[in-house]
Amino acid sequence: MKLVDLTQPWGDRMPTWPQFEAIQVTDITTHHRDGKSTVLVRTNMHTGTHIDAPIHYWPTGKHLGEIPIGDLYGTGLVIDLRPITKPWSYYSLKDVLSCLPNGEQIREGDVVILYTGWDRYNWTKPTRDDVTYFASMDHSLYVRVRYFRPDLVKEYEAQTGKPIDETLPMKDFEHVHYHMAKANIPMLENLGGEIAEVAGRRIEIGAFPWRWVNGEGCICRVVAFQP
């Protein structure tokens with residue numbers, strides 16, 4: 001069995017969502033003073049590779065402590081969207097199905113991973129670009145970045161040649177997050193690591209957050225298991 005890490009490295013200098021404060025890591029004990037190292041971490045759980053529990057966007061959705069461990073492991077299909085990915089891409093169901101691996105289909109109960117190749121812009125890569133990276137299951141301007149960066153809205157409108165409210169109407173704001181949460185389906189965001197190794201393949205996948213009562217999201221380790 002080969003394990004493929006689909007988790008991007010985590011660290012106190014990694015960028016966070018624009019509305020979140022920076023990660024803070026401070027020493028509680030140190031080797032030279034106390035003979036051991038212990039640190040205190042202050043972070044939002046939606047930083048780096050993480051899971052969204054349904055309760056994050058739906059008040060009656062499951063929290064992390066209610067998700068059975070069996071629901072955090074299963075057969076997954078890594079759909080390689082790199083051939084159709086470009087800045088400000090919006091993926092329809094038709095687009096996604098057109099990128100299915102030969103001979104494959106999405107089966108009932110599958111874990112579906114959409115691989116855009118945008119992991120190359122994360123904070124650990126020489127091609128790092130924090131503005132371009134903004135990774136979300138919803139379109140980058142269907143989240144609150146739309147309010148923080150009006151300059152990016154103008155850039156998007158220049159590319160499409162249409163007002164943003166025409167192509168990304170507010171009635172669908174954060175639609176994927178709300179739709180998945182209402183259906184009690186957890187989501188993974190900001191995958192990375194060696195994900196390119198399994199692009200376009202069917203894999204066994206596990207995502208392991210804390211068993212956190214009332215937890216609405218959690219940094220987690222995501223692993224592909226290959227025979």
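Two residues are in contact when heavy atoms of theirs lie within 4.5 Å. Keep that in mind for the close-ups below, which show a predicted model.

**View 1. Valine 223 and the residues around it.**
Start at valine 223, which sits in strand S10. Leaving aside residues up to four places away in sequence, valine 223 touches Leu3, Val4, Leu6, Glu204, Ile205 and Gly206. With a relative accessibility of 13%, valine 223 counts as buried, because anything under 20% does. Now look across to glycine 117: 106 residues along the chain separate the two, and their C-alpha atoms are 17 Å apart.

**View 2. The largest nonpolar core.**
In soluble globular proteins, nonpolar side chains tend to be buried together. Here, the largest nonpolar core has 23 residues, and Leu6, Val198 and Val222 are the ones touching the most other members. Strands S6 (111-115), S8 (202-208) and S10 (221-226) put in at least two residues each. Which strand gives the most to this core? That's S8, with three residues. Zoom in on valine 198 and you'll find it touching Val4, Leu6, Val78, Ile203, Ala224 and Gln226, again not counting residues up to four places away in sequence. There's also a second core, separate from this one, with 13 residues; Leu141, Val143, Leu152 and Phe173 are among them.

**View 3. Strand S8 and two of its pairings.**
Follow S8 and you'll meet S5, paired with it in the antiparallel sense over five bridges. To find your place in this pairing, look for leucine 77, whose bridge partner in S8 is arginine 202. S8 also runs antiparallel to S10, and five bridges join these two strands. Here isoleucine 205 is the residue to pick out: its bridge partner in S10 is alanine 224.

**View 4. A three-stranded open sheet.**
This sheet is built from three strands in the order S7-S4-S9, with antiparallel pairing. Which strands are at the edges? They are S7 (187-189) and S9 (217-219), each of which pairs on one side only. On average, and ignoring direction, neighbouring strands in this sheet are turned by 20° against each other. Residues 50-52 make up strand S4, which is antiparallel to S7 and joined to it by three bridges. In one of these strand-to-strand matches, isoleucine 51 has leucine 188 in S7 as its bridge partner.

**View 5. Two cysteines without a disulfide.**
A disulfide is a covalent bond between the sulfur atoms of two cysteines. How many does a search of the whole structure find? Zero. Take cysteine 218: the closest cysteine sulfur belongs to cysteine 220, and at 6.7 Å it is too far away for a bond, because a disulfide needs the two sulfur atoms to be within 2.5 Å. Seen from the other end, cysteine 220 is in no disulfide either, with the sulfur of cysteine 218 as its nearest, 6.7 Å away. Is cysteine 218 buried or exposed? Cysteine 218 is buried, and its relative accessible area is 0%. Cysteine 220 counts as buried too, at 5% relative accessibility.

**View 6. Tryptophan 88 and its positive phi.**
Tryptophan 88 is not a glycine, yet its phi is positive, at about 65°. You'll find tryptophan 88 in the loop between strand S5 (73-80) and helix H2 (93-98). Its relative accessible area is 17%, so tryptophan 88 is buried.

**View 7. Glutamate 174, another positive phi.**
Here's another residue that has a positive phi without being a glycine: for glutamate 174 the angle is about 55°. Where does glutamate 174 lie? Look in the loop between helix H6 (164-167) and helix H7 (175-182). Glutamate 174 is buried, with a relative accessible area of 2%.

**View 8. A tilted pair of tryptophans.**
A pair of aromatic rings is described by the distance of the centres and the angle of the planes. The structure holds seven aromatic pairs, one of which is formed by tryptophan 210 and tryptophan 212. Their ring centres are 5.9 Å apart and their planes make an angle of 55°, a tilted arrangement. Tryptophan 210 is exposed, with a relative accessible area of 52%, whereas tryptophan 212 counts as partly exposed at 31%.

Key:
Residues numbered from 1 in each chain as written. Predicted model: local features only at pLDDT ≥ 70, side-chain atom pairs only at ≥ 80, totals over all residues. Heavy atoms only, no water. Core = buried A, V, L, I, M, F, W, Y, C linked by side-chain atoms within 4.5 Å. Buried < 20%, exposed > 50% of the residue type's maximum accessible area, 1.4 Å probe, protein only. Helix = DSSP H or I, 4+ residues; strand = E, 2+ residues; numbered from the N terminus. Pairing = 2+ DSSP bridges. Axes fitted to C-alpha atoms, helices over the stretch in contact; angles between N-to-C directions. Phe/Tyr/Trp six-rings, centres within 6.5 Å; stacked < 30°, edge-to-face > 60°.
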